[in-house]
Amino acid sequence: MQTNQEEYEMRSTVLKSLFLIVVFLSPLFNLAFADELDDFIAAQMQQRQIPGLQLAVVQHNKIIRTGSYGLANIEDSVAVDNNTVFSINSMTKAFAGVAIMQLVEQGKLDLSAPIGSYLPELPKAWQQLNTKQIMGHTSGLPAILANDFGKLIVEDDPQASWEKVQTLPMAFDTGSNFKYNQTNYIIVGKLIEKLTGQPFAEVITNQQLKQVGMPRTVEAGFDNLNNVVSHSAKRYTTYYTGELTNIRSEIFSNMLYPAAGMSSTATELANWVIALQTNELLKQQGSLATLWTPARLDNGHPKGFNRLLSGYALGWPIVARNEHPAAAPVGGNRSGLFVYPEDDLAIVVLTNLMGGSPDRFIDDIAGFYVEDMQKQNGFGLPQNIKTFYLVLEKQGYNKASEIAKTLNNQFAESDINNFGYWLVNQNKLQQALAVFELNTQLYPNSANTYDSVAETQWRLGHIQIAIAGYQKVLELQPDNRNAKKQLAKLKQIQSDNI
């Protein structure tokens, strides 16, 4: 009899083999990586261990490209096709946002009015919140989930969880911070149901999905996280072990439908975007601008998940930047939709891997259609770093220190560090190393600059140099946990190689 470890190792080997088959023997599954974009997607799938992926590109309100890649189900070698349904998780919130704006257009809702004027049954401490604060996650409401995987604060009991969360104190002062929190969207769902007199799922289905013509999305419904959906992609993750495993799902309550739960195809989502931008779903001038205007904190600035998704509007994360801004709903760290209003472009990428993170490479796909967005032109870098990058590309990274002095810029430590990782993400490790080493010269007392150098030396296979780098980090910051952890790993590798 096999041990559990043997079974796990055998399963991991099978999963890896099937993944390599789908990427490199693509004709077997009708995957002809015929051009540069297909090659790019294949590389991303291999690098990120994404089993299956769907793509749709919208330009000038027309679908100009679709693609299906890889496996919807690894265990049974089922290929992705254009009708395969993928879980879109929190992208559901974007549909809730459209439903809210439809209510605004109907004169039934004032986004700035106290939520208590619509839902007087809510706790007194919540009554003065408005819809913008709730939908932008700046409300400060307590969390109804105990983890990021759908576990409620009262396990397997939605009603008890809803009753309990209403007794908890506010997490922070409203408007002082951004905290992604599903309690907000439970309230959004209750608001939609109160003002329409219909269940949330029916409102979305009747007012958006059927209106646009999204039969696979309608068929999949809102309960895919609990039930089997035909012709759908199985969900995988690499979070638990670093290897591909099946998702461990929590019981998903219909109370959470406005926060997640939908499934769709890339093509149907593309058609939804077209309908949204051609006044089929929202009729009034200015409605889209309102939908995509991020909430602002008391300090006047938007805030979101990270440097890229730097704002959050009415169910839509926002890429708030001067060049090529985007409205960008994402879901489950596996699916994403970027709408670039100024470029008349939209990209939909759906995957079946939690951790596939398509938001990290959708901008790169956009670069195939908008030249200015190509990384070779420095897109995504602050202007002073972009100038620095373009000179480095011409004159050589070995001259980084000399060039930096010539440009006479006061480079921020964080900007140089982010530039280095921008290069790392393109697998330009030697160039990144030169940039990180420059940062140690500019900021010799910063432990983080040496940490980045050590990490890159490790990536390059220079174990002894990486060890010395992490030791330097500990000289500057003796309590640095990451450096201690990495040193232990490196010394074990060194010991194993002796």
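**Exercise 1. Which residues are linked with D35 in a network of salt bridges?**

Solution. Start with the ground rules: this is a predicted model, where local features need pLDDT of at least 70, side-chain atom pairs count only at pLDDT 80 or more, and totals for chains, interfaces and linings use all residues. Residues are numbered from 1 along each chain as its sequence is written, and side-chain values use heavy atoms, with hydrogens and water left out.

Next, the idea: side chains of opposite charge can pair when their charged atoms come close. A salt bridge here is a side-chain nitrogen of Lys or Arg within 4 Å of a carboxyl oxygen of Asp or Glu. Now the result: D38 and R65 join D35 in the network. Across the whole structure, the search turns up nine salt bridges.

**Exercise 2. Find the salt-bridge partner of R321 and say where both residues sit.**

Solution. Step one: the partner is D363, and the closest N and O atoms are 2.8 Å apart. Step two: R321 is in the loop between β9 (317-319) and β10 (326-327), while D363 is in helix α11 (residues 362-366), so this pair links distant parts of the chain, 42 residues apart. Helices (H or I, at least four residues) and strands (E, at least two) are DSSP runs, numbered from the N terminus.

Step three: check the surface. Buried means under 20% relative accessible area, exposed over 50%, and partly exposed in between (1.4 Å probe, protein chains only). R321, with 22%, is partly exposed, but D363, with 10%, is buried.

**Exercise 3. Describe what K472 does with E475 and with Y450.**

Solution. First, K472 and E475 form a salt bridge, their closest N and O atoms 3.9 Å apart. They're three residues apart in helix α17 (residues 463-476), which means about one helical turn separates them. E475 is exposed at 60% relative accessibility; K472 is partly exposed at 28%.

Second, K472 also lies over the face of Y450, 5.4 Å from the ring centre. That counts when NZ of Lys or CZ of Arg is within 6 Å of the ring centre and within 35 degrees of the ring normal.

**Exercise 4. How many aromatic pairs are there, and how is the F178 and Y312 pair arranged?**

Solution. Rings of Phe, Tyr and Trp (its six-membered ring) pair if their centres lie within 6.5 Å; planes under 30 degrees apart are stacked, over 60 edge-to-face, and the rest tilted. The count is 20 aromatic pairs. For F178 and Y312, the centres are 6.1 Å apart and the planes at 35°, so the pair is tilted. Both residues, F178 and Y312, are buried.
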